[in-house]
Amino acid sequence: MSPALASPVVPGRTVAVRVPATSANLGPGFDTLGLALSLYDELVVRALPEGELRIDVTGPGSEAVPRDGSHLVVRAMAYAFEAVGRRMPGVALTSSIVIPHGRGLGSSGAAVVAGLLAARGLLAGDVEFGPSLLLRLATEMEGHPDNVAPALFGGLTIAWMDEHGPQYKKLLVHRGVAPLVFVPGTIMPTSVARDLAPLQVTREDAVFNVSRSALLIAALTQSPELLLAATDDKLHQNYRAQAMPDTDKLVRALRSAGFAAVLSGSGPSVLVLADGPGRRLEAARLAASVTDTPFEPLMLAVDFKGGTVKDHTEDASQSATHAS
């Protein structure tokens with residue numbers, strides 16, 4: 001890596017970033033499949049003189065978010081600037097949290113992607129961040145690509161690793177697929193949920209999941225009527241159920257009623273891939289009577305764009321003028 005040069009980012013340059021929530025695994029596609037959802041964290045980043053840092057965070061859970069350089073968005077920005085040999089400017093970060101933290105909806109992946117896209121926007125015209133570089137940097141920070149790929153690129157993504165690093169393929173989801181997410185008030189740290197999955201599985205279970213993962217691609221892109229069978233899994237959900245009894249109870253009740261319900265990521269939220277908007281209403285009514293723990297139903301769509309960044313400098317300067 002070349003030595004960091006003086007930052008080419010002029011103080012006052014401002015970018016606006018929008019990143020979708022994601023749901024990983026989708027049942028059998030453990031650490032491979034991910035889906036972008038129409039629930040967004042939005043933030044504005046303004047360049048300040050070097051060394052300055054201001055962070056303003058609002059939204060649910062914002063009281064627990066750090067206001068220093070350990071903020072994940074700021075860390076991701078610093079990682080991107082270092083990766084391309086540029087000195088990072090000071091930063092004023094204003095963000096609104098919408099994606100709930102610790103619920104299996106890719107909040108940490110979204111923060112990483114947001115920071116990388118903010119760096120991309122601030123360095124536009126000086127350094128180009130292509131899809132491969134963005135995915136590599138996001139995967140290095142997040143640890144695996146199944147959440148960051150759909151957050152970056154939108155839609156349904158298949159992510160894998162090879163000798164060249166993380167790779168992805170984006171697919172368009174059938175318009176008949178209607179996502180519904182049930183979000184509980186409790187959290188489940190990803191590290192805890194990951195430790196519950198076994199390191200080794202039987203050959204029969206491996207074959208079972210390979211078949212269901214292949215079927216799931218067909219169900220999501222061509223044949224939504226196959227979603228219930230396609231979302232069955234034997235690699236991780238049953239093992240994680242012990243730590244999330246209410247989530248497990250809800251998943252089992254929904255599947256027994258014919259709904260393609262799975263853990264969203266590592267939980268504790270539940271994702272339902274309904275084969276039509278009307279079926280989502282049925283699922284929500286059923287869920288309300290299943291558990292004592294309240295789950296908030298979110299009627300969402302598949303996000304097809306992924307994370308976006310745009311120059312916000314003129315808008316920011318006009319706001320500053322009006323405020324003065």
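Axes here are lines fitted to C-alpha atoms, for helices over the stretch in contact, and angles run from 0 to 180 degrees between N-to-C directions. Helices (H or I, at least four residues) and strands (E, at least two) are DSSP runs, numbered from the N terminus.

This is a predicted model, in which local features need pLDDT of at least 70 and side-chain atom pairs count only at pLDDT 80 or more, while totals for chains, interfaces and linings use all residues. Residues are numbered from 1 along each chain as its sequence is written, and side-chain values use heavy atoms, with hydrogens and water left out.

**Exercise 1. Describe how helix H2 packs on H3.**

Step 1: Find the geometry. Helix H2 covers residues 107-122, and its axis lies 10 Å from that of H3, at an angle of about 140°.

Step 2: Classify the angle. Under 35 degrees counts as roughly parallel, over 145 as roughly antiparallel, 65 to 115 as roughly perpendicular and the rest as oblique. H2 and H3 are therefore oblique to each other.

Step 3: Give the hand. A crossing is left-handed if the near helix is turned anticlockwise from the far one by less than a right angle, and right-handed if clockwise. H2 and H3 cross in the right-handed sense.

Step 4: List the residues in contact (heavy atoms within 4.5 Å). H2 brings Ser108, Gly109, Val112, Leu116, Leu117 and Arg120, and H3 brings Leu134, Leu137, Ala138, Met141 and Glu142.

Step 5: Sort them. Ala, Val, Leu, Ile, Met, Phe, Trp, Tyr, Cys and Pro count as nonpolar, Asp, Glu, Lys and Arg as charged, and the others, Gly among them, as polar. The contact of H2 with H3 has seven nonpolar, two polar and two charged residues.

**Exercise 2. Do the same for H1 and H3.**

Step 1: Helix H1 (residues 72-83) meets helix H3 (residues 131-142) at an angle of about 130°, and their axes are 11 Å apart. That makes H1 oblique to H3.

Step 2: The hand of this crossing is right-handed.

Step 3: From H1 come Leu72, Arg75, Ala76, Tyr79, Ala80 and Ala83; opposite them in H3 are Leu137, Glu140 and Met141. By class, there are seven nonpolar, no polar and two charged residues in the contact of H1 with H3.

**Exercise 3. Is Asn25 buried or exposed, and what is its phi?**

Step 1: Place it. Asn25 sits in the loop between S1 and strand S2 (33-48), and Leu26 is also in the loop between S1 and S2.

Step 2: Read the backbone. Phi is near 80° for Asn25 and near 55° for Leu26, a positive value in a residue other than glycine in each case. Most residues other than glycine have a negative phi.

Step 3: Check burial, where buried means under 20% relative accessible area, exposed over 50% and partly exposed in between (1.4 Å probe, protein chains only). Asn25 is buried at 3%, and Leu26 is buried at 0%.

**Exercise 4. Which residues does Thr308 contact beyond its neighbours within four places in sequence?**

Step 1: Locate Thr308 in strand S11 (residues 308-311), where its relative accessibility of 28% makes it partly exposed.

Step 2: Setting aside neighbours within four places in sequence, Thr308 touches Ala16, Val17, Arg18 and Leu117.

**Exercise 5. Where is the cis peptide bond from Gly267 to Pro268?**

Step 1: Its omega is near 5°.

Step 2: Pro268 lies in the loop between strand S8 (261-263) and strand S9 (270-274).
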